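Me: I should like to learn how to read the features of a protein model. Could we work through one together?

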Amino acid sequence: MGCIPELNGAHKLTNGLQFLMNSGFGPFSAVFFPDVRLVNILLQVSISISCSSSFCLDLDPITRQKGYCKPMMMKSILITLMFYGFTQQLNAQITGMVAAEGGEKIPFANVLLLQAADSSFAKGGLTDDEGRFLFEEVEKGRYLIRISNLGFSTWISQPFEIAGPDIPRDFGLQTLHAEAIQLEGLEVRARKGLLQQQAEGTVFNVEGSVMTRGSSALQVLERSPGVFIDRRNNDISLNGQNGVLLMINGKQLRLPVAEAVNLLSGMSADNLEKIELLTAPSAKHDAEGSAGIINIVFKKNDLEGTNGSFSLTGGHGWGPKGAGSFNLSRQRGGNRISGGYAFSYDETYSDLHGMGSEIVPALGGDLDFDFKNVSKRIRRSHQFSLGLERDLAAHSAIGASLSYQFSNDGSGAFNRSHYEIDPDSMVNIRVNIAGQDKWNHLVSNVFFEKQFDGGAKLKLNGDYLHYRHQNPTLAGNQYSNGRGEPIYPQGGLYAEAIKGHSRTSIHIGVLKLDWEKTFSSGIRLETGLKGSYAESANLGSLERMEQEEWVADERSRTNLRVTEGIGAAYSSVYLPLGTSANLTLGARYEYWDQQFDDTTPGRRFGKLFPSLFFSKRFSEETQLRFSYTKRITRPDYNDLASYLAYNDPISVYSGNPLLKPAISNQFKGGVQYKTANFSAWYGYTDNPIARYQIVENAGSDLVIISPQNVDWQRTYNVQADLPVDFSKWWSANFGLIAGYNRFKLSYTHEPVEESFWACGLNGSQTFILPKRWSLELSGWYVSRHYNGSVKVGGFGMLNAGVKHELKNGRGSFQLSVSDLMGSMRITSHLGTIGNEAFLVKADVVYRAESAVAPILKLTYFQSFGNTQLKTRTRRNDDPEEEQSRIRKE
């Protein structure tokens, strides 16, 4: 806590955000004070909170009477240093911010202060990595501001007057429009680099990649640096760490990772603009995701008039592929309407082969086994979207959007198990599983935005989400001995047929309020409140065939209802430290209340998540960054549920009601030199969650495949991103992540500590060829690592694509090939550290479809409508949505 002043100028707002103040955001309450008093108030607050409760500056008699002053020794040094640079009087300054049409801040733009009389040079500089510029100690006079950047139109202000050294001038947010450059009949449109570094992480600009169109959003995500899609378990990790928060257009995807993988696999990437890999998110983002945030951003058409695009894709791998999309928008003045439709069809394949030994009492003790699984799936996905926006008077806007996606998939799997039981008996088990996978997903949003005179901005967002999933299955079992003769083992788990029912329904409502103000001194303050409420219902059961009748297996019956409420408040302050450095301090408080209607214990607690970002520019080519963040990964709804789902006669899937949330702390420092980036970070996570781990039941006669908490994990990593232009027609991007990891786990028979070195490589090369042809090669590799107690071998993939732009804007053709070398094979080793369930020792090889046959796709893409960039200045970001945690078993 700190001394939280209540001054008359802030009375209404501070009363409205009393919960925020009482949650430890005292220093940031200065956002509500008038500009003239801001520096003195911040300084006094920084001094007062550095003292004990017996030495608190009396900023206001009411402050003492209400007892707001409390000790805060641990935070005093940092906050005092933060405000030290502002003890001087703020003299005449000129400030502002520069952004592109989509709201992206433009770093390193040229900003000139010119004499209005003759446009002669007065001062000059570049915007920082947040797109901000600052001129200090500006003398009296009449001036112009000129802002320019390669590939954008130039902006020039109207003449303005600086009447005195103590009167600052703030130009607010200025938007530069993308501009095509005509050179001797050749149109060259500005193109972003494939990778861009920002304070919160890395931006992967996939729009310019040859491999994007015709792919699904999941396939593009898989090619992003540091991202690993575990298709065996439908999981996603970032930089070797589990616990990723997924977002689409800045809106949290409130689905469990496994469900999100299915959603993204049916989502077209034809209009995908970029993927933001936020390893150090600021306080305005949800604290969920101990590894960070992945934000998938689709582009919007901001052109006047009627515009659109369509695409068609056909291809083949193990099975045929097809996809198509159509998008249309109309903008006139301050009104905009947009809509789209996309579909995909995909016949896919994967297989799994495992060999090893274990001790299974139900099958007679020591045995060797040989297991093989073949899975085939037909995916049929459809997606509809609709959006409405209207600009109102007085710099305000309202809007609404609706997105609906549904899929009806068919699946089939064949399992073959061969057991050699000492001394000489054998058991063969054959299982055929047929299933149907139906799901639909609705996301709706309404928003209101208003920009006030003086640089303040207010945003109000409301979201409603609904998700429904049904997955009926039917498994037929056959048992035989070594001579191929049928046998009939006793016990319910050895039934000739097993029928499964699974149904999940989720409803989520979210309300979010954000307020932001940039002061003339360049200080930016942000604060906000957020509340979400979710209800989920999970119904699952197994029935077994006994004497030609279906009998319910009560052990595997699940009827679980979960309610979850999350309340959050955040505040952050951005502080320019002169013209070459800046500091951002933030804090987010979240209160979590999750309750179950069965015997599973509920969860209820609150926690503070601080963050810090520092940036220092030494020259136009060199910049230093440092950050600290604290984050959380909460267990999915199904992770905590008490249920049993059939896998085979001696193993079942289950949840773990004793799971704890994972809490991570990460320190990261980096240097950017020209376009190259080098960074190092240290992270420690308590109770990281490892899914699909094997443990025994209390009777040691059944394997439980369930999520478990690792005790702790420590990570020391270095990272390098190197864009290279070999020539005007040949460019490349290379990335490396390498480091040392150590962890401890206790769910094996004996506690185990293990350490390992790991690395990840990624790269792409683009060749601009004559006559509007281009070629791209890209690939990635992940070295040996651990998922809980499971050791995973190294693997990778090499992809290629070629693109041809037709003349006169008649569209483009693109051919892509995924996994040229057929290398998407993942080998896992069980029992390599400690003794696990049934003392298993096994090697398991998973092959994705592309390891069986490379996946070829041919795509035609065409855009139509207005090509002249006559755009309005649009709101600079999307409202943050919700959708997160439920997993499919």
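**Strands, cores and rings**

Reply: Let us begin with a single pair of residues: Gly 739 stands opposite Ala 758 in β41. Please keep in mind throughout that the model is predicted.

Me: Which strands pair over 16 bridges, and in which sense?

Reply: The general idea comes first. Strands of a sheet pair through backbone hydrogen bonds, and the pairing is either parallel or antiparallel. In this structure, strand β40 (residues 730–745) and strand β41 (residues 752–769) are joined by 16 bridges in the antiparallel sense. Together β40 and β41 make a hairpin, with six residues between them.

Me: How many bridges join β41 to strand β42?

Reply: There are ten bridges between β41 and strand β42 (residues 773–782), and these strands run antiparallel. One example is Gln 765, whose bridge partner in β42 is Leu 777. The hairpin of β41 and β42 has three residues between the strands, and in it Lys 771 takes a positive phi near 55°.

Me: Where are the edges of the open sheet of six strands?

Reply: To read a sheet, one follows the order of its strands from side to side. Here the order is β11-β12-β17-β18-β15-β16, and the pairing is mixed. The edges are β11 (195–198) and β16 (251–252); each has a single partner strand, so one side of each is left without a neighbour in the sheet. Within this sheet, strand β15 (residues 244–248) and strand β18 (residues 292–298) run parallel and are joined by five bridges. Leu 246, for instance, has Ile 294 as its bridge partner in β18.

Me: What is the strand order in the open sheet of three strands?

Reply: The order is β4-β1-β8, again with mixed pairing. Its edge strands are β4 (132–136) and β8 (169–176), each of which pairs on one side only. From one strand to the next, the twist averages 15°. Strand β1 (residues 93–100) runs antiparallel to β4, and five bridges join them. Met 97 stands opposite Arg 132 in β4.

Me: Let us turn to the interior. Which residues touch the most other members of the largest nonpolar core?

Reply: This core has 38 residues, and those that touch the most other members are Leu 221, Ile 236, Leu 264, Ile 275 and Ile 294. Helix α7 (residues 257–265) contributes the most to this core, giving five residues. Ile 236 shows what such contacts look like: leaving aside residues up to four places away in sequence, its partners include Leu 221, Val 244, Leu 246, Val 261 and Ile 294. Apart from this core lies another, of 36 residues, including Tyr 479, Tyr 494, Ile 498 and Tyr 846.

Me: How many aromatic pairs does the structure hold, and how is such a pair read?

Reply: A pair of aromatic rings is described by the distance of the centres and the angle of the planes. The structure holds 26 aromatic pairs. In one of them, Phe 310 and Tyr 860 are 6.1 Å apart centre to centre, with 50° between the planes, and the pair is tilted.

Me: Why does the pair of Phe 310 and Tyr 860 tie together separate parts of the sequence?

Reply: Phe 310 lies in strand β19 (residues 305–316) and Tyr 860 in strand β49 (residues 855–865), so the pair ties together parts that are 550 residues apart in sequence. Tyr 860 also forms a tilted pair with Phe 813, at 5.0 Å centre to centre and 50° between the planes. Phe 813 lies in strand β46 (residues 812–818) and Tyr 860 in strand β49, so this pair ties together parts 47 residues apart in sequence.

Me: Are Phe 310 and Phe 813 buried or exposed?

Reply: Phe 310 is partly exposed, with a relative accessible area of 29%. Phe 813 also counts as partly exposed, at 37% relative accessibility.

Me: Which residues are linked into a cluster by ring pairs, and which charged residues lie over rings?

Reply: Tyr 682, Tyr 684, Tyr 716, Tyr 740 and Trp 757 are linked into a cluster by ring pairs. As for charges, the charged end of Lys 517 sits over the ring of Phe 519, 5.1 Å from its centre. Arg 634 lies over the face of Trp 592, at 5.2 Å from the ring centre.

How values were computed. Residues numbered from 1 in each chain as written. Predicted model: local features only at pLDDT ≥ 70, side-chain atom pairs only at ≥ 80, totals over all residues. Heavy atoms only, no water. Phe/Tyr/Trp six-rings, centres within 6.5 Å; stacked < 30°, edge-to-face > 60°. Helix = DSSP H or I, 4+ residues; strand = E, 2+ residues; numbered from the N terminus. Buried < 20%, exposed > 50% of the residue type's maximum accessible area, 1.4 Å probe, protein only. Lys NZ or Arg CZ within 6 Å of the ring centre and 35° of its normal. Pairing = 2+ DSSP bridges. Core = buried A, V, L, I, M, F, W, Y, C linked by side-chain atoms within 4.5 Å. Contact = heavy atoms within 4.5 Å. Axes fitted to C-alpha atoms, helices over the stretch in contact; angles between N-to-C directions.
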